[in-house]
Amino acid sequence: MVAYAPFKKVSTGSLWGSLARALSAPHPVGRYSGYLRALGVNVDGAATVTDVHRDTADSVTLTIRPGRDWRGFAAGQFVNLGVVVDGVRHTRCFSPCDSEHRADGQIQLTVKAHPDGLVSRALYDRARPGMDVTLTPAAGEFRLHEPRPRDVVLISGGSGITPVLAMARTLADEQGWRTESAIRRVHLLHYIDRVEDLVHAAELRRLAALPGIGVTVVTADEAVGGVPGAHGLTGRFTAEHLDLRAPWAFGPDSVAETYLCGPAPMMDAVRAVYAERGREDRLHTEAFTAPAPVAPPQDGPPTGTVTFSASDVTAENTGDSLLEQAEGAGLTPAYGCRMGICFTCTAVRRSGCTRDTTTGAVDAEPDQPIQLCVSAPVGDVDVEI
Ligand SMILES: Cc1cc2nc3c(=O)[nH]c(=O)nc-3n(C[C@H](O)[C@H](O)[C@H](O)COP(=O)(O)OP(=O)(O)OC[C@H]3O[C@@H](n4cnc5c(N)ncnc54)[C@H](O)[C@@H]3O)c2cc1C
């Protein structure tokens with residue numbers, strides 16, 4: 001581990017020699033970043049895993065010490081975690097689940113291992129203290145509002161607990177010491193399939209014991225023993241659960257803001273309740289997976305040729321996103337979220353027209369950066385990858 005070791009003064013000549021040796025063989029990222037930093041090259045983002053805890057049979061919680069350039073995060077935001085899997089660096093978005101006021105400056109990520117997931121599986125199987133990773137600055141609009149709302153409802157499902165747990169922990173830390181944080185009521189309503197899927201159980205218990213904060217964990221088909229606040233609630237999200245556990249959320253004097261993160265069907269169910277009650281403006285959401293793309297206008301099958309000019313590869317336009325078409329053509333562009341929020345897959349569209357699959361908007365200005373994951377070609381397109 002050299003990324004954080006203090007650097008000895010070295011002559012530039014010997015350093016370049018060391019750099020050449022370093023780059024000629026595979027090393028942890030910290031090794032490369034160490035040499036590059038000493039040369040004055042800005043290598044933001046090197047970070048180190050300091051603790052690994054496998055909470056459940058398919059999740060792992062990493063504690064990570066960010067590098068010196070780290071500027072912290074706002075509860076609810078995400079980071080891009082970079083990790084080398086089989087010699088290739090991949091990045092994925094993860095939402096820190098700590099309080100944003102954590103004193104030691106480290107962050108905690110809880111990763112659910114998807115059976116076929118490249119990065120999540122690798123982290124579950126191989127993460128260990130001392131592992132070098134990279135972190136981008138925190139980003140995302142999903143975050144606790146400033147000034148803090150007086151009442152807060154947090155609703156999550158499965159791995160979607162991470163950003164709302166960060167919010168609950170942050171609000172708990174702020175009780176009493178932030179002047180604008182006269183939090184009257186906070187309730188976290190969390191949905192899981194089975195008791196064994198519950199992560200951060202001890203922390204949820206701690207939060208539930210604090211004044212002003214309630215926690216309800218609901219399992220799909222059985223009452224949860226020993227988990228805070230279940231009180232016999234089971235099944236999927238319903239308006240009744242909300243009314244029972246946070247009856248103040250829709251009261252006449254309510255100033256509650258609701259933050260929601262979970263699987264698409266659960267989020268749809270919550271949205272429907274808020275729409276029915278005319279409170280959509282109070283509902284703030286984050287999804288870990290992409291929503292269905294906006295359907296293209298019905299003007300016939302896709303036409304044209306997609307050119308990946310930096311790779312000298314062409315393919316018939318299938319109408320899918322440029323990321324999927326590049327992968328279909330055997331290329332491996334870097335990606336993070338596959339939904340247009342993390343910008344990892346940004347590349348320059350040299351010519352041609354593309355459609356934003358999240359909005360339907362088309363654009364044909366040459367030499368513009370576009371996100372491959374949410375851009376579909378309309379006719380001939382040349383992308384520089
Ligand atoms: C803002 C945000 C925050 C997030 N926070 C968290 C968090 O705190 N905790 C957490 O566990 N997860 C979080 N995620 C999800 C996380 O970023 C990853 O998506 C997840 O871990 C899966 O990554 P993976 O590499 O294991 O899977 P991948 O290998 O990337 O596969 C993911 C899915 O995409 C599909 N897929 C893979 N390759 C292709 C392809 N070529 N074409 C089409 N489909 C493909 C797979 O079938 C699979 O279902 C977050 C996501 C976002 C966007």
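This report looks at a ligand's surroundings, one helix and the nonpolar cores of a predicted model.

## Ground rules

Residues are numbered from 1 along each chain as its sequence is written. Because the model is predicted, local features need pLDDT of at least 70 and side-chain atom pairs count only at pLDDT 80 or more, while totals for chains, interfaces and linings use all residues.

## Around the ligand

Let's start with the ligand, which has 24 residues around it; a residue is near a molecule if its C-beta atom, placed from the backbone, lies within 6 Å of it. Gly117, Leu118, Val119, Ser120 and Thr162 come nearest. Helix α3 (118-126) is among the elements that supply at least two residues of this shell, and α3 gives the most, with 4 residues. Helices here are DSSP runs (H or I, at least four residues), numbered from the N terminus.

## Helix α4

Now meet α4, residues 161-174. Its 14 residues should span 20 Å at 1.5 Å a residue (1.5 Å times one less than the number of residues), and its end C-alpha atoms are indeed 20 Å apart.

Of these residues, 12 are buried, so α4 is largely enclosed by the rest of the structure. Buried means that 20 or more other C-beta atoms, placed from the backbone, lie within 10 Å of the residue's own. Thr162 and Arg169 are among the buried residues of α4.

## Nonpolar cores

A nonpolar core is a set of buried Ala, Val, Leu, Ile, Met, Phe, Trp, Tyr and Cys residues joined through C-beta atoms within 7 Å. The largest has 65 residues, and Leu154, Val164, Met167 and Ala168 have the most contacts inside it. Helix α4 gives the most to this core, with 8 residues. A second, separate core of 15 residues includes Phe308 and Leu322.
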